[in-house]
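I opened the notebook today to look up one residue and its surroundings, and then one of the sheets. The entries below follow the order in which I went through them.

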Amino acid sequence: MSTTTSSSLQVSLLLSLFILTSLAAVSVGNFHQDFDITWGDNRAKMLDGGNLLTLSLDKTSGSGFQSKNEYLFGRIDMQIKLVAGNSAGTVTAYYLSSQGATHDEIDYEFLGNVSGDPYILHTNVFSQGKGNREQQFYLWFDPTMAFHTYSIVWNTQRIMFLVDNIPIRVFNNLESIGIPFPKSQPMRIYSSLWNADDWATRGGLVKTDWTKAPFTASYRNFKANACVWSSESSCVSLSTNSLQTSEWQNQALDANGRNRIRWVQQKYMVYNYCNDFKRFPQGLPAECKRSRFL
């Protein structure tokens, strides 16, 4: 076989792989297809033919689920309706995570509150087992009245947190100054509803009112436009081909995004580790000095 013919065949095979993996990479969710219920007995339920999933918490146990697939970079969207009424003491967690002592993790945690007081949206980023990068926000709507979309955009340059497509936080890749960045460990999607009344609401001062149980959170319209990790070679092939045509691959804040994140952080941010000088008396973490929107 000539060198030209061999090269043409390789290109053809790579193109075929690109098309197949591109199609596999976009999942518009059915919970039966995409997730496993991992704990909570019958407190977690898939309803409406897999189009709706609910998690419940009572005094005996909470509940949770995880994705069947692992992902390495992508955009993950989930619509969630949080526990209504007096949700004090409860935490609804929704996050990406790998496993092990040096795991990577990208967190949303919704900290419940007494009726009439707002939820706190807690965010964090772990890389190589190190977190301590918390930012917290109030939301500009009642997250218990309707479904809202909570998104994670994860590419090689940055991690973006978006609520109803409005950016609230960006964690940039600053490996150039020695800050670890999640880039090599595939992560699953996890979500759980659990009791954390030792810390979740006003530092643990407000306890869970079990007379209001069961507490229920609902999920729908999961979507993953991402690299599905099945083996090192297939994911790398996908990363170097189909991701080039994915908007999220190089997604960053444009002028409108910068205005929106500034609005959120000025009006709704209630805690930022980069402003916590008491916590870091020896000096703020290095990334706080280099990135405006963390």
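These entries take a glutamine and then a sheet, both read from a predicted model.

**Entry 1, the residue.** I began with Gln 79 and found its place in strand 6, which covers residues 70-81. Is Gln 79 buried or exposed? Its relative accessible area is 16%, and because the cut-off for buried is under 20%, Gln 79 counts as buried.

**Entry 2, its contacts.** I then looked up what Gln 79 touches, leaving aside residues up to four places away in sequence, and noted Phe 147, His 148 and Thr 149 together with Ser 218, Tyr 219, Arg 220 and Asn 221. Which of these does the side chain of Gln 79 meet in a polar contact between side chains? I found one such contact with the side chain of Thr 149, at 3.2 Å, and another with the side chain of Asn 221, at 2.9 Å.

**Entry 3, the sheet.** Next I traced an open sheet of eight strands, whose order is 2-5-14-7-8-9-10-16 and whose pairing is antiparallel. Strand 2 (35-39) and strand 16 (269-272) stand at its edges, and since each has a single partner strand, one side of each is left without a neighbour in the sheet. Direction ignored, neighbouring strands of this sheet are turned by 15° against each other on average.

**Entry 4, one pair of strands.** Within that order I looked at strand 8 (residues 105-111) and strand 9 (residues 120-126), which run antiparallel and are joined by seven bridges. For Asp 107 I noted Asn 124 as the bridge partner in strand 9.

Conventions. Residues numbered from 1 in each chain as written. Predicted model: local features only at pLDDT ≥ 70, side-chain atom pairs only at ≥ 80, totals over all residues. Heavy atoms only, no water. Helix = DSSP H or I, 4+ residues; strand = E, 2+ residues; numbered from the N terminus. Buried < 20%, exposed > 50% of the residue type's maximum accessible area, 1.4 Å probe, protein only. Polar contact = N/O pair within 3.5 Å; in protein donor to acceptor, adjacent residues only side chain to side chain. Contact = heavy atoms within 4.5 Å. Pairing = 2+ DSSP bridges. Axes fitted to C-alpha atoms, helices over the stretch in contact; angles between N-to-C directions.
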